[in-house]
Structure formats: C-alpha cells, structure tokens
Amino acid sequence: MNKHIDPDWADSDEFWEGLSYFMFPPERMARATAEVDMIELLLTLTPGSRILDLCCGPGRHAIELARRGHDVVGVDRTARYLEMAGAQAHTAGLAVELVQADARDFRCVPPADAVLNLWTSFGYFDDQEDNQRVLCQAHASLRPGGVLLVQTRSSETFSTHVDSERTWQERDGVLYLEERLIVDDWRRTQGRWIIVDGDGRREYPYVSWLYSGAALADMMKKAGFCSVSLYGDLSGAPYDRKARNLVAVAVK
Ligand SMILES: C[S@@+](CC[C@H](N)C(=O)[O-])C[C@H]1O[C@@H](n2cnc3c(N)ncnc32)[C@H](O)[C@@H]1O
C-alpha cells in the first residue's frame with residue numbers, strides 16, 4: 001500500500017467537498033429515480049417503510065424515497081452534503097430526518113425496515129474492525145426481519161469491468177482524471193482523483209477495501225444477519241461474470 005495515503009482520508013471534509021461536483025453531477029442525481037424504482041422492487045418495500053440511508057451524501061435516494069411516502073432517515077458525515085439534501089427536501093416540501101453522524105456509531109431509533117448503503121460507501125476504514133462495525137450498527141438499526149442492502153464494487157466486478165487503470169473526463173472546462181490500482185494482493189483498491197481547473201491542480205487520494213461477494217456475505221453473517229443474497233445490480237440480475245456491481249441483501 002502507498003504509505004503516502006492518509007488512512008483516514010474518508011474522514012476529510014476536503015476530500016468529499018472537493019469532489020462534490022465530480023461525484024454528483026446532475027445526471028447522477030437524476031439517475032436516483034430509476035435506482036429507487038429497482039430498490040423498491042428488490043426489497044419489496046411496502047408504502048410508508050422506515051428507511052435508513054446510511055452514507056446518504058446529498059440525499060439523492062433519501063429525497064426520492066421520501067417523495068414516495070417512506071419515512072426516511074439520512075445519515076452522513078459530511079455537513080455540506082446534508083445541507084444540500086436539506087435544501088432539496090425543503091424545496092420539495094418533504095420531511096427527511098438528516099443526521100450528521102459516523103456510520104460506525106449511528107444506530108437508528110426506532111429501528112428501520114431497511115438500511116441502504118449505496119454506491120460504494122463501504123470499506124473505507126483502514127482498520128477492518130471499523131468496516132465490520134458499520135455492518136453491526138446497520139444490524140442494530142433494523143427490526144427483526146428487516147433488510148440491509150449494500151451496493152459496492154467487488155474484486156470480481158473490478159476484474160471484469162475495470163479494464164483501464166486511468167481514465168479522464170472534461171466537464172465545463174474542468175479536467176477530472178482518475179487512477180485506480182489493485183494493491184495489497186487484491187485486498188484493496190488505491191486510487192486518486194485529480195482535478196485540473198483555472199485554480200491549478202488538486203489531488204484526492206484514497207485507499208479502500210475490495211471484498212469478494214463471498215467475503216462481504218461472511219462479514220454480514222458475522223454481524224448477525226441470518227441470510228445474504230448477492231446480485232449483480234439493483235435490478236436483481238445474477239451475481240455472475242456480467243455483474244457490474246455487487247449488491248448484497250442481508251436479512252436480520
Ligand atoms: C460515494 S458517496 C455515496 C453517497 C450516496 N450513498 C449516493 O449514492 O449518492 C459516499 C458517502 O459516504 C459518506 N461517508 C464517508 N465516511 C463516512 C462515515 N464514516 N460515516 C458516514 N458517512 C460517511 C461521504 O460523506 C459520502 O457522502
């Protein structure tokens with residue numbers, strides 16, 4: 001592992017705020033509607049379900065779920081993202097409980113019917129016990145029979161779908177470059193986003209755990225979940241060679 005990367009990179013406002021526009025451009029925000037359609041079907045959510053969106057970011061799923069009448073709690077560490085979610089909820093006249101908290105510590109009271117952890121928001125912590133703790137807290141946040149959905153990349157999806165170590169894109173005259181490497185014998189992925197604009201060049205390095213589907217399922221069972229199903233995307237496609245994501249659904 002590159003020793004220059006801060007192991008606590010995910011605890012940095014600078015990281016999340018600096019990448020905000022790159023991570024959440026309008027088209028990604030808009031995609032949440034279709035994603036929530038699939039999540040509702042995959043988890044067979046009934047109207048008025050209590051849902052915890054863990055690591056909710058600017059609330060793209062939380063707001064859409066609230067729009068559909070669910071009782072939503074959004075949790076994130078980044079104040080700026082929660083402000084964005086709050087402003088959107090206010091404009092839409094929706095009630096969403098937004099909490100600034102660490103996923104390692106937060107416990108939902110009263111318990112939820114479903115906990116969502118979407119778009120690669122898992123495996124950030126250097127100490128594996130911390131990642132395990134997130135699953136334990138998600139378990140504690142659910143009623144018996146409740147479900148946890150984690151959508152992330154995995155070692156399998158990385159090997160079948162990431163064929164380039166470096167990519168770049170340009171948006172509104174700003175260059176975004178991304179490098180993603182496999183390190184630590186496929187245990188982790190290490191990368192950096194580089195933004196080049198009129199103010200110069202900024203670099204945002206990270207290192208994150210890369211689990212196989214089986215390894216994530218084992219962690220979920222260790223956290224107390226009684227069954228785990230793996231899918232290749234939010235539509236419930238098989239977790240096979242064509243899988244673009246790892247979607248793990250665990251039942252308490
Ligand atoms: C890739 S974004 C995903 C956001 C959202 N789930 C989505 O799909 O748009 C990861 C999110 O995790 C949040 N995060 C990082 N570390 C966290 C922690 N320890 N506790 C809570 N949230 C955290 C970041 O602030 C960021 O909003």
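## Ligand site and two sheets

Of the 21 residues around the ligand (a residue is near a molecule or strand if one of its heavy atoms lies within 4 Å of it), Cys55, Arg60, Asp76, Thr78 and Ala103 come nearest. Keep in mind that this is a predicted model, where local features need pLDDT of at least 70, side-chain atom pairs count only at pLDDT 80 or more, and totals for chains, interfaces and linings use all residues. Residues are numbered from 1 along each chain as its sequence is written, and side-chain values use heavy atoms, with hydrogens and water left out.

**Around the ligand**

- Polar contacts here are pairs of N or O atoms within 3.5 Å; within protein, one must be able to donate a hydrogen and the other to accept it, and residues adjacent in sequence count only if both atoms are side-chain atoms.
- Asp76 puts a polar side-chain atom 2.5 Å from an oxygen atom of the ligand.
- Two ligand contacts go to backbone: a polar backbone atom of Cys55 is 2.7 Å from a ligand nitrogen, and a backbone N or O atom of Ala103 is 2.8 Å from a nitrogen atom of the ligand.
- On its own the ligand exposes 590 Å², and the protein buries 98% of that (Shrake-Rupley areas with a 1.4 Å probe; for residues, only the protein chains shown count as cover).
- The shell has 12 nonpolar, four polar and five charged residues, with Ala, Val, Leu, Ile, Met, Phe, Trp, Tyr, Cys and Pro as nonpolar, Asp, Glu, Lys and Arg as charged, and the others, Gly among them, as polar.

**The seven-strand sheet**

- Helices (H or I, at least four residues) and strands (E, at least two) are DSSP runs, numbered from the N terminus, and two strands pair if DSSP finds at least two bridges between them.
- Seven strands make an open sheet with mixed pairing, in the order β3-β2-β1-β4-β5-β11-β10.
- β3 (97-100) and β10 (227-231) sit at the edges with a single partner strand each, so one side of each has no neighbour in the sheet.
- β1 (50-54) and β4 (112-117) run parallel and share three bridges; Ile51 has Ala114 in β4 as its bridge partner.
- Helix α6 (128-140) packs on this sheet, touching β1, β4 and β5 (142-152), where contact means heavy atoms within 4.5 Å.

**The four-strand sheet**

- This open sheet runs β6-β7-β8-β9, with antiparallel pairing.
- β6 (166-171) and β9 (200-209) are the edge strands, each with a single partner, so one side of each is left without a neighbour in the sheet.
- Nine bridges join the antiparallel strands β7 (174-183) and β8 (188-197), and Leu175 stands opposite Val196 in β8.

Key. Axes fitted to C-alpha atoms, helices over the stretch in contact; angles between N-to-C directions.
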